[in-house]
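Me: I'm a first-year student, and I'd like a close look at one part of this protein. Could you walk me through it in one go?

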Amino acid sequence: MTFSNFHLLKSEICAFKIHGQEMPFEAVVLNKTSGEGRLRAKSPIDCELQKEYTFIIQAYDCGAGPSGTNWKKSHKAVVHIQVKDVNEFTPTFKETSYKATVTEGKIYDSILQVEAIDEDCSPQYSQICNYEIVTADVPFAIDRNGNIRNTEKLNYDKQHEYEIMVTAFDCGQKHATEDVLVRVDVKPVCKPGWQDWNKRIEYKPGSGSIPLFPSIHLETCDGPVSSIQTTIELQTNYIGKGCDRETYSEKSLQKLCGASSGAIDLLPTPSAATNWTAGLLIDNNDMIFKFDGKQGAKIPDGIVPKNLTDQFTITMWMKHGPSPGLRAEKETILCNSDKTEMNRHHYALYVHNCRLVFLLRKDFDQADTFRPAEFHWKLDQICDKEWHYYVINVEFPVVTLYMDGTTYEPYLVTNDWPIHPSHIAMQLTVGACWQGNTIKGGEVAKPRFAQYFHGSLASLTIRPGKIESQKVISCLQACKEGLDINSLESLGQGIKVRDELTSSLIKFRIDL
């Protein structure tokens, strides 16, 4: 590897010296009179081992060489080298094979998901851009995220099992060296399990105990049964888990749990002082705001500090489900972007393909370095159409997500350069992102909302300068309710009962 030549003027130059520990580079003199030299690699450079190098170089005249007594040296120059990636690795699947079971006669949105990774260092070559089913004439399809679905209803009598081969492509169109085997078992309609029970039960607080499953029975499909293990999980389909925590206001609950002060409510109840939420759809509870992909709210200037510190916390309740036809669209929860002239996003929280993404771009005047800018979490709960409590603790460069009191580290962190400073004012929004300046069809479009959110939000707050402890986050989730069995004797011999209460779920298990 040879890099561009460089020149030094005046007197003769006899040597160049690189300062740095074990740098795989050397500088040689090409012309002593002109001072022309060449910087080249002494050994192969691997982007996967190190993406960039920074070192100092000096030139020496011909007085007596670098080790003599009369030599003179130039000022120090800083050299920064970025290693360009070569698409040398192919995608490899995380599992050696995949297996799933489906019931005949049903069309599944997703039967299972395959996942491949690539060891190249650049985003272009390390990301998986597409998956493809190699096996011909099978009633299955796969999307760009590796989700496999059936394209027609399967019949157990026609075929009990399908074996399909799947390959993956990186964004440089290099496909996996080894395809992965996916087995799909087809089960008949009759399947052993509990019948005649309701997943949702209406309960009015203070109304006393009610039977959960008065008509439940076990369907064995005429098969022998030697043991039964049943786990019951109770979780409400409403914000606040439907437990004693609902009797507290958000401020009272935070005070009870010892939360840090200074939280700024971005979705307050509409009033003369907080009129930015007046145009939003409100659910039957004045805490809940429903976004149908058409509304966004501008947060007035001065409500939130212009520049957040390296420590802050974002909290919210969110209920979100997949939106048909919007898999490639970003759904903005919170966005701070340029108000006019440009369309730069300084920080944002959004959902993309049922993944939660947090964007944080620093300014160049803070530090001119390549640093983390995007944090991704891939969780099933993001698209399960149920309420969940999210806390994002930012202690830059570490960003931690707590969902329903459980810690989740980002599965993907993308680095980027800081944003160049400007005098453009910023606009903080909720439910959509403000596009300060966009070009469409060769013409400059007027500033507008875009990337609308589809779902429900409540108690969306931001707390500049502080992060919450896991103890406080767990307290915000804790419920006092439990399950009760009136008569253990009625369960019969050989039955064991275990009652477990967590911060977000009440689990109840019966072993026979």
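Which side chain is joined to that of His388 by a polar contact of 2.7 Å?

Reply: The partner is Asp384: its side chain and that of His388 share a polar contact of 2.7 Å. A polar contact is a pair of N or O atoms within 3.5 Å; within protein, one must be able to donate a hydrogen and the other to accept it, and residues adjacent in sequence count only if both atoms belong to side chains. Another such contact, of 2.6 Å, links the side chains of His388 and Asp404.

Before going on, please note that this is a predicted model, where local features need pLDDT of at least 70 and side-chain atom pairs need pLDDT 80 or more, while totals for chains, interfaces and linings use all residues. Residues are numbered from 1 along each chain as its sequence is written, and side-chain values use heavy atoms, leaving out hydrogens and water.

Where does His388 sit? It belongs to strand β28 (strands are DSSP runs of E with at least two residues, helices runs of H or I with at least four, numbered from the N terminus). His388 counts as buried because its relative accessibility is 4%, where buried means under 20%, exposed over 50% and partly exposed in between, using a 1.4 Å probe and protein chains only.

Strand β28 also helps to line an empty space. The structure has two cavities of 30 Å³ or more. On a 1 Å grid over the protein atoms alone, a cavity is a set of points where a 1.4 Å probe fits but cannot get out, and lining residues have an atom within 4 Å of a point. The second largest cavity holds about 50 Å³; grid points are joined across faces, edges and corners, and the volume is the space filled by probe spheres set on them.

Which elements each supply at least two residues of this lining? They are β28 (387-395) and α3 (470-477). The lining includes Tyr389 and Val391, along with Val472 and Leu476. Gln254, Ala259, Thr315, Arg463 and Glu468 are also part of the lining.

By class, this lining has five nonpolar, two polar and two charged residues. Here Ala, Val, Leu, Ile, Met, Phe, Trp, Tyr, Cys and Pro count as nonpolar, Asp, Glu, Lys and Arg as charged, and the others, Gly among them, as polar.

To recap, trace β28: His388 lies in this strand, and β28 supplies at least two residues to the lining of the second largest cavity.

Terms used: 1 Å grid on protein atoms, 1.4 Å probe; cavity = no way out; pocket = protein on both sides within 12 Å on 5 of 7 lines; lining within 4 Å.
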